[in-house]
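Trainee: I am new to this structure. Please take me closely through one part of it.

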Amino acid sequence: MQITKHKVVKIHYTLTDDDGEVIDTSEGGEPLEYLHGVGGIIPGLESVLEGKSAGDQFKIHVEPEDAYGDHDEELLHEVERSQFEGMDELELGMQFQVDTDDGPMVVTVVEITDETVTVDGNHELAGVALNFDVTVGEIRDATPEEIDHGHAHGEGCHEH
Ligand code: ZN
């Protein structure tokens, strides 16, 4: 069976940046299971998986525009430090969810001064080129429910 739209695919993968630093890996854990062809994984990886079969192995380099996008300066916001009053501690790298005109967004604290705090709404991998080392695992047809939901349902219970 080959990977085409609406197959549920398991992949084993190791993700590294261009310095060879491991960002994420399925090694020692469960493979990633996803529904193919619906944009559930980054476009640069999904397009290469198309047509592959179980057991296929490949390595790819994905530029930011085909991964989590470029780093967008517009998503950096400087806010008054006083707005964070009541928070026990404020540290670089802290993440929290804020409500914006575009809906909830996860932001990361990237700069703290006496008066201001700068938060960044970019995905933490925005602007980062990614290297995937992938082995294709099991491939099966998606169930109508999975197609309806737009994602794979793993083994075990699933309620929604
Ligand atoms: Zn579902």
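Mentor: Here is a look at the nonpolar core and one strand that feeds it.

This is a predicted model: local features need pLDDT of at least 70, side-chain atom pairs count only at pLDDT 80 or more, and totals for chains, interfaces and linings use all residues. Residues are numbered from 1 along each chain as its sequence is written, and side-chain values use heavy atoms, with hydrogens and water left out.

The largest nonpolar core has 20 residues. Such a core is a set of buried Ala, Val, Leu, Ile, Met, Phe, Trp, Tyr and Cys residues joined through side-chain atoms within 4.5 Å. Buried means under 20% relative accessible area, with a 1.4 Å probe and protein chains only. Ile11, Leu45, Leu49, Phe132 and Val134 have the most contacts inside this core. Two or more residues each come from β1 (7–16), α1 (43–49), β4 (57–62) and β9. Helices (H or I, at least four residues) and strands (E, at least two) are DSSP runs, numbered from the N terminus. β9 gives the most, with five residues.

Take Leu49. Leaving aside residues up to four places away in sequence, Leu49 touches Ile3, Ile11, Tyr34, His36, Ile41, Phe58, Val134 and Val136. Contact means heavy atoms within 4.5 Å.

Now Asn131, in strand β9 (residues 130–141). Asn131 counts as buried because its relative accessibility is 18%. A polar atom of its side chain lies 3.4 Å from the backbone oxygen of Asp17. Beyond four places in sequence, Asn131 touches residues including Thr14, Asp18, Ile60 and His61.

Conventions. Buried means under 20% relative accessible area, exposed over 50%, partly exposed in between (1.4 Å probe, protein chains only). A polar contact is a pair of N or O atoms within 3.5 Å; within protein, one must be able to donate a hydrogen and the other to accept it, and residues adjacent in sequence count only if both atoms are side-chain atoms.
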